[in-house]
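Subject: Handover of a structure and notes on it

Dear colleague,

I am passing on the structure shown below, together with some notes on its strands, cores and pockets. Please keep the structure open while you read, since the notes go from one region to the next.

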Amino acid sequence: VCGNISETALKEIYRCAEEKNSQVFVFGKDFNAGFLGYDRKEKNSLQRIIYNSELKNYPQKNKNFPAEFKTSLLGKAQVYNTAIVLKTCEILKDKLNKINFDTVKETLQNIKWPARFDIREIKINNKNFSLIIDGAHNEQAVENFLDVYKQSPFYKKENKLCFAVMQEKNYKKIIRKLVCEFKNINLIRLDNSRAVDTEILKKEFSKYTDENKIFIYDDIAEILKNTKNNDVLVFFGSFFLAGKILETIDNL
């Protein structure tokens, strides 16, 4: 069961499948899905997805196709990912008849994926503020994040970007895509030899924004201490950074 992948990869998959005498189901050919919109409940959202497939054997209570599902995982990439899951479940039901699609629907709505548009509400010293944590560290992931972020109730350019990234990532292109969406840039020193030095990041951000709006911090606790009531902080660019912020808030 293949998602939204390149023709080169797909050609190799077909070749291997033929050797193994296996069927191949391809997104956009044998099954499909599309984005319908968001159901918003305060600051939380569910993504509505419409799904269509050639087998058409579910759900039992609704024989009309396409079928609509909702998922708490947001962004275009999750449309493809959800479609792969649904197609796999559909095949398993056809073969084994042990799939309950009411359970599938419920699970999609309640699934959680830490550090992927992960929203945390924090209270420290009588201050309430929000964190958005996303470990996206490549251009495609940045685009997916921004697609969700700009449609979310949180979006405003006054939000604080808290950024760190590893040297092997194309951080210059990531910065170009991100910088226009934030007026306040916070760079965090990570205790990791692979991390890009904060002075290098500051120089890169300075190409596109006011240097006086770029701040460097030695640790996350310092950022949280300086956060104001009702602020929104977006922690972005590295799963190492995401891990640090999750560890920090777990110990609050």
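Two strands are taken as paired here if DSSP finds at least two bridges between them. By that criterion β4 and β5 (residues 127-134) pair, for seven bridges join the two strands, which run antiparallel. Please bear in mind throughout that this is a predicted model, and that every value below was computed from it.

To place these strands in the whole, the protein has 252 residues, of which 44% count as buried, and its secondary structure comes to eight helices and nine strands. The C-alpha trace spans about 60 × 40 × 30 Å along its principal axes. Among the contacts with a separation of 6 or more, 67% are between residues 24 or more positions apart.

Returning to the pairing of β4 with β5, you will find D118 opposite I133 in β5, and I124 opposite K127 in β5. The two strands form a hairpin with two residues between them, and in this hairpin N125 takes a positive phi near 50°. On its other pairing, β5 runs parallel to β9, with five bridges between the two, and here D134 stands opposite F236 in β9. β5 is also mostly covered, in that seven of its eight residues are buried.

F236 leads on to the nonpolar cores. The largest of these has 30 residues, and those with the most contacts inside it are L161, F163, L178, F205 and F236. At least two residues of this core come from each of α4, β6 (160-163), α5 (171-178), β7 (184-188), α6 (198-205) and β9 (232-236), with α4 giving the largest share, six residues. If you would like one residue from which to look around, L161 may serve: leaving aside residues up to four places away in sequence, L161 touches L178, F182, N184, I185, N186, F205, V234 and F236. Another core lies apart from this one and has 23 residues, among them F129, I223, L224 and L233.

Next come the pockets. The largest pocket holds about 700 Å³ of space, and 29 residues line it, with S72, L73, L74, R116 and F117 the closest to its centre. Which elements build this lining? At least two residues each are supplied by β1 (31-41), β2 (44-53), α2 (76-96), α3 (101-110), β4 (118-124) and α4 (139-149), and α4 gives the most, with five residues. Thus α4 contributes both to the lining of the largest pocket and to the largest nonpolar core. Sorted by class, the lining of the largest pocket has twelve nonpolar, ten polar and seven charged residues.

The second largest pocket has a volume of about 180 Å³, and V85, V104, T107, L108 and I111 are the closest to its centre of the 13 residues that line it. Both α2 and α3 supply at least two residues of this lining, and the largest share, five residues, comes from α2. How does the lining of the second largest pocket divide by class? Six of its residues are nonpolar and seven are polar, while none is charged.

Finally, two backbone positions deserve a look when you go through the model. Most residues other than glycine have a negative phi, and most peptide bonds are trans. Against that background, N21 has a positive phi of about 55° although it is not a glycine, and F117 likewise has a positive phi, of about 45°, without being a glycine. N21 is found in the loop between α1 (7-20) and β1, whereas F117 is found in the loop between α3 and β4. Are these residues buried or exposed? N21 has a relative accessible area of 72% and is therefore exposed, the cut-off for that being over 50%. F117 has a relative accessibility of 11% and so counts as buried, since buried means under 20%. F117 is also one of the residues closest to the centre of the largest pocket, so you may wish to view its loop and that pocket together.

With best regards

Note on methods. Residues numbered from 1 in each chain as written. Predicted model: local features only at pLDDT ≥ 70, side-chain atom pairs only at ≥ 80, totals over all residues. Heavy atoms only, no water. 1 Å grid on protein atoms, 1.4 Å probe; cavity = no way out; pocket = protein on both sides within 12 Å on 5 of 7 lines; lining within 4 Å. Points joined across faces, edges and corners; volume = space filled by probe spheres on them. Helix = DSSP H or I, 4+ residues; strand = E, 2+ residues; numbered from the N terminus. Nonpolar A, V, L, I, M, F, W, Y, C, P; charged D, E, K, R; others polar. Core = buried A, V, L, I, M, F, W, Y, C linked by side-chain atoms within 4.5 Å. Buried < 20%, exposed > 50% of the residue type's maximum accessible area, 1.4 Å probe, protein only. Contact = heavy atoms within 4.5 Å.
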